[in-house]
Amino acid sequence: MATTTSSFVFLKSLIPSPQPSHTAKLFMHNVPCFQYGIQTRRTKGIKAQYGFNINVRKEHVVIVGAGIAGLATALSLHRLGVGSLVLEQAESLRTSGTSLTLFKNGWRVLDAIGVANDLRTQFLEIQGMVIKSVDGRELRDFTFKEEDESQEVRAVERRVLLETLAGQLPKDTIQFSSKVAKIETSPNGESMLELTDGSQLLAKIVIGCDGIRSPIARWMGFPEPKYVGHCAYRGLASYPDGQPYGPRVNYIYGRGLRAGYVPVSPTKVYWFICFNSTSPGSKITDSSLRKKLAKELIRNWPSELLNIVDSTPDDTVIRTPLVDRWLWPTITPPASAGNVVLVGDAWHPMTPNLGQGACCALEDAVVLAKKLAGAIKSEDPSVEEALRSYGTERWSRVFPLSIRANLVGSLLQWENPLVCSVRNNIVIPKVVRLGPLLEHTNFTCESL
């Protein structure tokens, strides 16, 4: 989301396919399924030799969740010649939500998997950012290219990103209305997934991309994400005749309250309002009420922000308690357990203050896909070792980013009037340098 660059104000970054076994020959045929390491899928019923139902389907690579992490992982594997089955609990792609901001590391991944140019034509490149106080006074402005010539920043509609990724996958890759109810390890080390409809799948590899409240992560022993003390309203304003704002991120900093907006396309503007709250609060199902409460928070703020909220369809306004999980070494479980591994928010949910949640999920996807495809195609495949290698490499990247994002959010949500005055009159106008604070967006990714 567009809260990303607010962080810059304060903090610098820290096989050939195996031959079928005798058991496999017993499988029923005539149902499509993924074959290990090639671009066809062979779904089979398996006899109940392990005490499971007789109509168990066998899959080699199962991805749980068709969000950004899941679809990017499936597409990365597809580009490398490895098929997968994606289980999505919803009846269709979950295209609700607003937009997210992608920096150059996210675009490097999208280039590598072959979808970036399709997206670039639909979304504006953001040239820079401006920071204001609640009275409308401009505190500082930055131009991204002046700080980093290679930087690329665009706000992207979540719906369009998901549809673009899904559109590049083979037909029937995604299986909808498929919510995982239970996961168990079978006697031969494979994973048995039981869905809420009672059906079962036996998978050689399971990739959990099932989001912040991941059942796969819970099964692996991960703690629930922790609420960080503030919530956010977000929305996507619509201007059918064209929106009037220049291509830059606009931030407004108050006391215990901050807001911002950024043009997404010629007709859309994304906005957010982040506010302190001692508890996550109850879920608000009435979208018009969410919009009303969001406006009340900024009723005395610059009118342009209020006008943007007014131009927002009620059903695009969402309220989200912000949470994260810090991956403490030796305390938190590793990213993989046997042939089960986590990607994106399922593993490392982080607050949006660095704008790196989606970017890191995309990075996870290509790193995991390369290691997994290499293991599958090698003469002596070691899937577990590939998954461990992925976890080790990515941990050193996502752990410090999660902590930094949390600290930045805490700093920007200060309520103390003296501290806020120092921030607005000294730190932002005279101290902050943007260039060094963009270093965490550096990521090298070759085409798959």
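Does Lys132 count as buried or exposed, and at what relative accessibility is that decided? Put more simply, which of the two words, buried or exposed, fits Lys132? Lys132 counts as buried, at 14% relative accessibility. The value falls under the 20% cut-off for burial. The model described here is predicted.

Lys132 takes part in a salt bridge. Its partner is Glu304, and the closest N and O atoms are 3.1 Å apart. Lys132 belongs to strand β7 (residues 128-133), while Glu304 belongs to helix α9 (residues 303-310), so the contact ties together parts that are 172 residues apart in sequence. Glu304 is partly exposed, with a relative accessible area of 23%. The pair thus joins a buried lysine to a partly exposed glutamate.

The model holds 26 salt bridges in total. Another of them links Lys371 and Glu393, with 3.2 Å between the closest N and O atoms. Here two helices are involved. Lys371 sits in helix α10 (residues 357-377) and Glu393 in helix α11 (residues 383-412), so this pair ties together parts that are 22 residues apart in sequence. Lys371 is partly exposed at 23% relative accessible area. Glu393 is also partly exposed, and its value is 40%.

A further salt bridge joins the side chains of Arg218 and Glu224, at 3.2 Å from N to O. Arg218 counts as partly exposed, with a relative accessibility of 44%. Glu224 is partly exposed as well, at 41%.

Salt bridges also form a network. Its members are Asp111, Arg120, Glu125, Lys145, Glu152 and Arg154. Some of these residues reappear around a cavity. Glu125, Lys145 and Glu152 are named in the network, and the same three residues help to line the largest cavity.

The largest cavity encloses about 40 Å³ of space. Besides Glu125, Lys145 and Glu152, its lining includes Ile126, Gln127, Phe144, Gln151 and Val153. By class, the lining divides into 3 nonpolar, 2 polar and 3 charged residues. Ile126, Phe144 and Val153 are the nonpolar members. Gln127 and Gln151 are the polar ones. The charged members are Glu125, Lys145 and Glu152, and each of them belongs to the salt-bridge network.

Technical notes: Residues numbered from 1 in each chain as written. Predicted model: local features only at pLDDT ≥ 70, side-chain atom pairs only at ≥ 80, totals over all residues. Heavy atoms only, no water. 1 Å grid on protein atoms, 1.4 Å probe; cavity = no way out; pocket = protein on both sides within 12 Å on 5 of 7 lines; lining within 4 Å. Points joined across faces, edges and corners; volume = space filled by probe spheres on them. Salt bridge = Lys/Arg side-chain N within 4 Å of Asp/Glu carboxyl O. Helix = DSSP H or I, 4+ residues; strand = E, 2+ residues; numbered from the N terminus. Buried < 20%, exposed > 50% of the residue type's maximum accessible area, 1.4 Å probe, protein only.
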